[in-house]
Amino acid sequence: MGTNGSTMLEPLRQGLPPLDPAAVSNAASCALPARYEAVREARQFTRRTLDQWDIGDRFDDVCLVVSELVTNALRHGLPTSNGHVPEQIPPVRLHLMRWTERLVCAVRDPSHDSPVARDSDDFSAESGRGLFLVDSFADGWGWHPLAGTLNGKVVWALFRLQSAE
């Protein structure tokens with residue numbers, strides 16, 4: 001096992017990448033239901049959005065990362081009582097934002113727990129793998145707690161885009 005196992009998970013807590021929100025050229029978001037079909041819905045939403053933005057060539061990488069982030073949010077981010085998510089809990093929400101040469105996908109969930117590879121329970125292999133995949137396919141990622149009246153956190157991943165020559 002290499003020494004970079006834990007250091008890979010270092011970029012965790014940081015704000016969104018330093019991109020000017022005013023310069024965003026496209027943005028789209030969708031609320032996802034608190035059930036596992038949400039991963040499929042997130043993929044379909046991502047495919048439609050990237051096609052509209054003419055960056056469908058990045059779909060495979062982006063889709064893989066979106067799937068992992070949404071799966072993690074559903075698995076670890078939703079408080080359940082008897083397997084039912086309380087109605088007042090805001091759902092998981094996927095945001096896609098595009099700048100000229102950057103794409104950010106961000107997934108919001110109501111949990112304050114940091115997205116880390118868990119060593120202590122049965123999910124360690126799967127959760128860890130999810131974050132390793134995000135780290136491998138995205139050009140950067142991190143997370144931050146939501147401020148103000150919003151509860152929860154946002155986990156984001158950044159992709160560099162080829163500039164349209």
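Is R58 buried or exposed? R58 is buried, because its relative accessible area is 16%, where buried means under 20% relative accessible area, exposed over 50% and partly exposed in between, with a 1.4 Å probe and protein chains only.

The model is predicted, so local features need pLDDT of at least 70 and side-chain atom pairs count only at pLDDT 80 or more, while totals for chains, interfaces and linings use all residues. Residues are numbered from 1 along each chain as its sequence is written, and side-chain values use heavy atoms, with hydrogens and water left out.

R58 sits in the loop between α2 (37–52) and α3 (59–76); helices are DSSP runs of H or I with at least four residues, numbered from the N terminus. Apart from its neighbours within four places in sequence, R58 is in contact (heavy atoms within 4.5 Å) with L50, F159, R160 and L161.

The helix that follows in the numbering is α3. The expected span of a helix is 1.5 Å times one less than its number of residues. For the 18 residues of α3 this gives 26 Å, and the end C-alpha atoms are 25 Å apart, which agrees. Of these 18 residues, 14 are buried, so that α3 is mostly covered.

Turning to the cysteines, the structure holds zero disulfides, a disulfide being a pair of cysteine sulfur atoms within 2.5 Å. C63 has its closest cysteine sulfur in C105, and no bond is counted because the 10.0 Å between the sulfurs is too far. C63 counts as buried, at 7% relative accessibility, and C105 also counts as buried, at 0%.

Methods. Helix = DSSP H or I, 4+ residues; strand = E, 2+ residues; numbered from the N terminus.
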